[in-house]
Amino acid sequence: MFNVFKRKSIWISMLVATILIGLFAFAQVGARSTVKVRHLPLALVVNDKGKDAKNVVKKLRKESHKKSAEIKWVNVTHTSELTKGFASGKYYGAVVIHSGFTKAINQQTDYLKGKIITQKLAALVVKTPMAAKTAPFQQQKALANSLTKKTPEQAKISLYVSQGSNMTVATILTTALPKMTDHLNQKISNEYITVANKSGLTLSPQDWSKLQTPIHTTLIKRNKVSTKEISGMAPFLVTIFCWLGSLIASLLNWRDHSKNEKKRTDGRLSLTSVTSQLISGIAIVTAIAVSVYFFTKVCYSVPIHDPKQFLLMIGGISFVFYLLQSAVLDLLGLKG
């Protein structure tokens with residue numbers, strides 16, 4: 001029973017299987033797991049000239065100066081310029097700091113300051129009731145009321161992702177940009193917590209909710225890609241279809257010619273037979289291209305904006321695969 005392992009073919013089969021798995025793993029898994037983004041151009045639009053907006057810009061730029069930085073900021077004056085920049089591929093996304101950013105942060109700081117004053121005045125009244133009638137007390141109370149009268153607004157930042165520019169990059173940015181603003185939110189919120197703790201301030205959940213998320217972020221997708229694009233995998237899968245179709249077709253076509261066509265004295269196919277393979281190959285790749293178009297566009301609604309160009313490209317790819325595989329079969333036979 002174990003004599004089968006004495007045959008060379010068994011070991012050759014295992015070796016071939018290992019090599020094929022390694023090649024496919026390198027092509028499919030390795031290429032995707034080693035994707036690294038460096039100096040990715042993103043537009044930065046600053047519509048607020050206040051101190052807090054400048055601080056945020058400074059923090060963003062600080063990270064981009066590193067050699068291994070993922071982002072390279074491109075200064076853009078107006079939001080209206082983004083459409084043209086996305087279309088030309090000048091940048092793949094954008095961060096827009098809206099006007100009123102600094103004003104909103106100042107409102108939040110003032111609101112917190114007003115709450116601290118209110119709590120201190122309340123504690124003073126408990127200890128010294130007569131203090132409530134003094135002028136300084138009334139002035140501080142009026143100040144606290146003015147600071148807490150309005151509910152603080154959130155500072156606004158818009159994040160743009162151009163999906164059509166590069167699907168892989170767009171997927172990365174869709175996750176990375178919100179994380180970046182979440183980090184800014186956390187940093188400002190922690191500063192508020194530190195101030196409150198130093199002052200011994202206890203905020204109600206309702207009051208704290210107004211300061212917990214200082215920055216409101218809006219994610220906007222431009223040049224949207226259809227969900228039928230299969231997460232950007234459509235080009236890869238279509239190429240696989242071309243390869244598999246031409247692989248099987250070239251093998252069957254070669255076998256048919258080997259049986260029915262005249263061979264040379266050395267056992268190889270004649271020039272006439274090779275020409276016949278080329279002519280039949282054109283018909284085969286035409287069928288492959290039409291089949292790929294039918295199943296992707298008609299059956300599964302994958303967007304194909306230029307059917308003629310798509311059919312020519314797919315036919316060309318399939319024909320190249322067909323020629324390579326037919327050449328190997330003609331030269332080396334089934335072993336090849």
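**Exercise 1.** In which helix is the place of Leu247? Find its exposure class too.

*Solution.* Start with the ground rules: this is a predicted model, where local features need pLDDT of at least 70, side-chain atom pairs count only at pLDDT 80 or more, and totals for chains, interfaces and linings use all residues. Residues are numbered from 1 along each chain as its sequence is written, and side-chain values use heavy atoms, leaving out hydrogens and water.

Step 1: Leu247 sits in helix 8 (residues 234–260); helices are DSSP runs of H or I with at least four residues, strands are runs of E with at least two, and both are numbered from the N terminus.

Step 2: Leu247 has a relative accessible area of 33%, so this residue is partly exposed (buried is under 20%, exposed over 50%, partly exposed in between, with a 1.4 Å probe and protein chains only).

**Exercise 2.** Work out whether Ser158 is buried or exposed, and find its side-chain partner.

*Solution.* Step 1: look in strand 4 (residues 155–162), where Ser158 lies. Step 2: its relative accessibility is 7%, so Ser158 is buried. Step 3: the side chains of Ser158 and His98 share a polar contact of 2.6 Å (N or O atoms within 3.5 Å; within protein, one able to donate a hydrogen and the other to accept it, and residues adjacent in sequence counting only if both atoms are side-chain atoms).

**Exercise 3.** Check the length of helix 9.

*Solution.* Step 1: helix 9 covers residues 271–299, which is 29 residues. Step 2: multiply 1.5 Å by one less than the number of residues; the expected span is 42 Å. Step 3: the end C-alpha atoms are 40 Å apart, which agrees.
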